[in-house]
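Trainee: I've got the model open and I'd like to test the vocabulary against it. Can we go through the terms one by one?

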Amino acid sequence: MKRFLFLSLLFISLVYTFLSCKPKTTDSGVNAAFGNYPTDVANIMVTKCATAGCHNAASKAAGLALDTWDDLFKGDYQGAVIIPYDTLNSLLLSRVNTDSSLGPVVGPFQPPTIDPSKPSTPLSRTEYLTLSNWIARGAPDRNGNIPFASDPDTRQKLYLANQGSDIISVIDAKSMLIMRNIRVGVVGNLQSAHNIAASSDGKYIYVSFYAGKYIRKIDARTDTVVESADIGHYAIDNVGSWNVVYPSPGADTGLLATNLALGQNLNNGSIVFLKTNPLREAANYSGFW
């Protein structure tokens with residue numbers, strides 16, 4: 001049976017540091033299939049990253065080894081360096097990028113220049129896009145296996161609400177690495193993901209928003225948003241401050257969402273009852289606080 005831990009932060013900023021390392025050219029005959037990476041990814045990771053003095057098993061700069069696909073998903077000293085399906089928040093990708101039109105650029109640049117007279121060669125545009133497209137597909141291994149996708153019915157997880165980005169981070173409880181980021185807000189309209197609760201059978205996660213009008217329903221097996229309910233009409237300007245979301249115990253049949261905020265642009269308290277399969281409004285009580 002799954003167990004969940006829910007955390008909510010007003011703002012979270014994770015900074016990973018890659019220690020400087022001295023790159024060393026590997027033998028030209030390196031097998032492209034080495035490390036269980038897809039061939040095109042292995043040609044980058046194995047020959048340009050998992051080198052002596054850098055991110056091979058012996059040197060393990062910053063605690064990160066990239067010799068194999070399994071090593072990559074053990075992370076570094078501070079956590080995950082690649083988050084499957086999330087190119088924006090995969091720091092390894094940002095470290096090797098030199099073109100801000102392609103994605104985030106975050107220093108210090110990798111591979112680093114140790115000797116100013118011999119500057120390091122950045123990845124080409126083609127190589128960067130190879131990594132970016134691979135991560136967007138979930139960063140599978142050579143056989144198509146997606147990281148953290150095994151045992152979806154029993155894997156223990158933590159769910160973290162990042163209010164400053166409307167992202168729910170899913171953390172693998174065994175490794176304590178971020179395994180998925182779920183975008184739950186509306187593009188271009190920050191709603192501040194606030195409260196998280198699980199259904200009594202552990203199959204679904206419900207998310208309310210501090211400055212929004214939706215309740216989101218997430219499939220805890222696939223970690224994807226599967227349904228939404230619009231309850232914004234209980235607040236002026238279609239915005240509510242939904243502080244508590246509470247699934248009924250014993251069965252996945254009911255949900256209570258409460259708006260306890262006081263303010264000029266909000267109703268002074270609302271309770272909305274919802275059915276959860278499918279997710280829809282059942283009853284409401286508004287403006288009585």
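Mentor: Sure. Start with this one: a salt bridge is a side-chain nitrogen of Lys or Arg within 4 Å of a carboxyl oxygen of Asp or Glu. The model is a predicted one, and a search of the whole structure turns up nine salt bridges.

Trainee: What makes Lys48 and Glu127 a salt bridge?

Mentor: The N to O distance between their side chains is 2.7 Å. The cut-off is 4 Å, so the pair qualifies. Lys48 belongs to helix 1 and Glu127 to helix 4, so this bridge ties together parts that are 79 residues apart in sequence.

Trainee: Is each partner buried, partly exposed or exposed?

Mentor: Buried means under 20% relative accessible area and exposed means over 50%. Glu127 has 18%, so that one is buried. Lys48 has 35%, so it is partly exposed.

Trainee: How do you know that Asp172 and Arg155 form a salt bridge too?

Mentor: Same kind of check: their side chains meet at 2.9 Å, N to O, and the limit is 4 Å. Asp172 sits in strand 3 (residues 167-172), while Arg155 is in the loop between helix 4 and strand 2 (157-162), 17 residues apart.

Trainee: Why are Asp172 and Arg155 called buried?

Mentor: The relative accessible area is 4% for Asp172 and 15% for Arg155. The threshold is 20%, so both get the label.

Trainee: What about Asp230 and Lys213, why does that pair count as a salt bridge?

Mentor: The N to O distance there is 3.8 Å, and the rule asks for within 4 Å, so it counts. Asp230 is in strand 8 and Lys213 in the loop between strand 6 and strand 7, again a link between distant parts of the chain. Asp230 has a relative accessible area of 36%, so it is partly exposed.

Trainee: How do you know that Asp67 has no salt bridge?

Mentor: The nearest side chain of opposite charge is Lys60, 8.5 Å away. With a limit of 4 Å, the pair fails the test. Asp67 is buried all the same, and its place is in the loop between helix 1 (39-49) and helix 2 (69-72).

Trainee: Which residues is Asp67 in contact with, leaving aside neighbours within four places in sequence?

Mentor: Among them are Phe34, Tyr37, Val46, His55 and Asn56. Contact here is heavy atoms within 4.5 Å.

Trainee: Back to the helices. How do helix 1 and helix 4 cross?

Mentor: Their axes come within 9 Å and cross at roughly 115°, and the crossing is left-handed. On the helix 1 side, Asp40, Val41, Ile44, Met45 and Lys48 make the contact; on the helix 4 side, Glu127, Thr130, Leu131 and Trp134 do. Notice that Lys48 and Glu127, the salt-bridge pair, are in that list.

Trainee: Now the strands. What makes strand 5 and strand 6 a pair?

Mentor: Pairing takes at least two bridges. Strand 5 (residues 193-198) and strand 6 (residues 204-209) have five and run antiparallel, so they pass. Ile196 stands opposite Val207. In their hairpin, five residues lie between the strands, and Gly202 takes a positive phi near 75°.

Trainee: How many bridges does strand 7 make with strand 6, and how many with strand 8?

Mentor: Four join strand 6 to strand 7 (residues 214-219), and six join strand 7 to strand 8. Both clear the minimum of two. Ile205 stands opposite Ile218, and Lys217 faces Glu227 of strand 8.

Trainee: Why are strand 5 and strand 8 called edge strands?

Mentor: The open sheet runs in the order 5-6-7-8, with antiparallel pairing. Strand 5 and strand 8 (224-230) each pair on one side only. Neighbouring strands are turned by 25° against each other on average, direction ignored.

Trainee: And what makes strand 7 mostly covered?

Mentor: Six of its six residues are buried. Tyr214, Arg216 and Ile218 point one way; Ile215, Lys217 and Asp219 point the other. In a regular strand, side chains alternate between the two faces of the sheet.

Notes:
Residues are numbered from 1 along each chain as its sequence is written. This is a predicted model: local features need pLDDT of at least 70, side-chain atom pairs count only at pLDDT 80 or more; totals for chains, interfaces and linings use all residues. Side-chain values use heavy atoms; hydrogens and water are left out. Buried means under 20% relative accessible area, exposed over 50%, partly exposed in between (1.4 Å probe, protein chains only). Lys and Arg count as positive and Asp and Glu as negative; His and the chain ends are not counted. Axes are lines fitted to C-alpha atoms, for helices over the stretch in contact, and angles run from 0 to 180 degrees between N-to-C directions. A crossing is left-handed if the near helix is turned anticlockwise from the far one by less than a right angle, and right-handed if clockwise.
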